[in-house]
Amino acid sequence: MELKFRRHPDYQALRAEMTPHEMYIRRRELLAAAGFAGTAAMIGGLPAFAQTPSAQIAAGAAMTAKKSSYTVADPQAAEQDFNEFCNFYEFGLNKDDPARNAGKMDVSNWKITVEGETDAPGTYDLRDLIDYSQLEERVYRHRCVERWSMVVPWIGVPLGPVLAKLKPKTGAKYAQFLTHLDRKAMVGLAYGGLDWPYSEALHLNEARNDLAFLAVGAYGKGLKQQNGAPIRTVVPWKYGYKGAKSIATIRFTTMQPPTAWNVANPREYGFYSNVNPNRSHPRWSQAQERVLGVGGFNPQRKTEMFNGYEAQVGYLYKDIDLIKYH
Ligand SMILES: Nc1nc2c(c(=O)[nH]1)N[C@H]1C(S)=C(S)[C@@H](COP(=O)(O)O)O[C@H]1N2
Ligand SMILES: [Mo]
């Protein structure tokens with residue numbers, strides 16, 4: 001199957017120098033076809049959304065937020081590039097598949113299930129978790145493990161205080177984030193390359209770092225489905241896949257939970273997945289990256305340790321061998 005990019009001829013050139021994880025997923029696809037398929041659990045759609053003043057803000061609707069000091073000076077990616085160059089494998093492998101397919105996912109009246117090592121298990125409305133009058137905008141670097149990056153103005157709230165409200169038990173050490181499953185809309189589930197639902201996790205010390213963010217919007221609007229509506233994590237010092245889109249379940253655990261890419265290939269995708277120019281991916285160097293959405297030719301820049309956030313997060317890993325624990 002050939003990859004197709006609808007726009008931006010330079011993405012073709014970019015692709016030629018990347019060895020994206022979709023190459024890996026395609027190998028898994030062949031294995032799956034040969035009878036090694038993973039299983040996919042499914043749940044149904046959600047009922048229609050009743051508009052109330054305090055309700056979640058619809059995908060693409062205007063959203064107001066106060067500016068935050070967490071703002072990098074680099075030029076922001078064009079909104080169209082953010083919307084149309086996406087990784088969301090549930091909706092297909094090509095970068096423009098999510099923009100084409102994800103709109104069919106119903107994200108109104110969203111519920112989040114909270115479970116595991118918590119004193120507050122249950123099913124929550126988004127407005128139970130997010131105060132939509134207290135949103136902030138943070139302009140973060142986003143670095144995909146495939147060696148492209150974007151600078152994105154996210155809107156949301158810090159993750160730590162939301163998790164605290166959900167009362168993890170004293171023994172809880174990790175928060176796992178599981179993505180919504182929608183059998184009808186998610187035309188990519190058939191590929192079987194990852195175990196669904198998509199899963200990501202953070203150690204609670206990482207989740208409590210002030211940079212860890214729960215995004216509900218970007219570019220002054222409610223998140224669009226292809227970008228993880230209505231709620232996703234953003235962990236700017238880690239590779240992009242650590243941010244789970246369209247979160248349906250938050251599970252607190254005492255042990256390190258399985259995470260989608262780490263389970264698929266632990267040698268290539270570590271649990272921590274901190275951006276690290278000194279730790280090559282087994283199939284490519286991570287020393288450089290291509291900046292997308294800032295003009296015609298995707299300028300190259302040096303990848304920074306912890307994606308430029310070392311001053312804020314370095315303390316978390318000071319006793320850890322970051323090559324071994326990648
Ligand atoms: N559920 C889910 N979340 C996901 C992914 C995915 O395939 N499924 N891809 C990840 C990857 S690899 C990246 S780089 C970011 C991309 O986010 P964006 O498309 O909004 O820029 O989402 C991450 N979250
Ligand atoms: Mo990514």
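**Exercise 1.** How many bridges join β4 to β5, and in which sense do the two strands run?

*Solution.* The model examined here is predicted. Step one is the count: eight bridges join β4 to β5. Step two is the direction, which is antiparallel. Step three places one pair within this ladder: H142 has M150 as its bridge partner in β5. Step four looks at the connection, where four residues separate β4 and β5 in a hairpin. In that turn, R147 has a positive phi of about 85°.

**Exercise 2.** Identify the pairing of β4 with β1, and determine whether β4 is enclosed or not.

*Solution.* Begin with the partner: strand β1, residues 66-71, pairs with β4 in the parallel sense over three bridges. Within this pairing, K67 has E137 as its bridge partner in β4. Next, consider burial, for which the cut-off is under 20% relative accessible area. Eight of the eight residues of β4 (residues 136-143) are buried, so the strand is largely enclosed by the rest of the structure. Finally, sort the side chains by direction. E136, R138, Y140 and H142 point one way, while E137, V139, R141 and R143 point the other way, and all are buried.

**Exercise 3.** Describe the open sheet that contains β11.

*Solution.* First, write down the strand order, which is β3-β2-β11-β6-β7, giving five strands with mixed pairing. The edges are β3 (122-125) and β7 (199-203), each of which pairs on one side only. Neighbouring strands of the sheet are turned by 20° against each other on average, direction ignored. Then examine one pair in detail: β6 (residues 174-179) and β11 (residues 247-253) are antiparallel, with six bridges. Among these contacts, L178 has T249 as its bridge partner in β11.

**Exercise 4.** Which strand gives the most to the largest nonpolar core, and which gives the most to the lining of the largest cavity?

*Solution.* Take the core first. The largest nonpolar core has 88 residues, and W154, L163 and W237 have the most contacts inside it. Strand β5 (residues 148-158) gives the most to this core, with seven residues.

Turn now to the cavities. The structure holds seven cavities of 30 Å³ or more. The largest cavity has a volume of about 320 Å³. Its lining comprises 24 residues, of which N87, F88, R232, G240 and K245 lie nearest the centre. β5 gives the most to this lining, with four residues. The answer to both parts is therefore β5.

Methods:
Residues numbered from 1 in each chain as written. Chains lettered and ligands numbered in written order. Predicted model: local features only at pLDDT ≥ 70, side-chain atom pairs only at ≥ 80, totals over all residues. Heavy atoms only, no water. Pairing = 2+ DSSP bridges. Axes fitted to C-alpha atoms, helices over the stretch in contact; angles between N-to-C directions. Core = buried A, V, L, I, M, F, W, Y, C linked by side-chain atoms within 4.5 Å. Buried < 20%, exposed > 50% of the residue type's maximum accessible area, 1.4 Å probe, protein only. 1 Å grid on protein atoms, 1.4 Å probe; cavity = no way out; pocket = protein on both sides within 12 Å on 5 of 7 lines; lining within 4 Å. Points joined across faces, edges and corners; volume = space filled by probe spheres on them.
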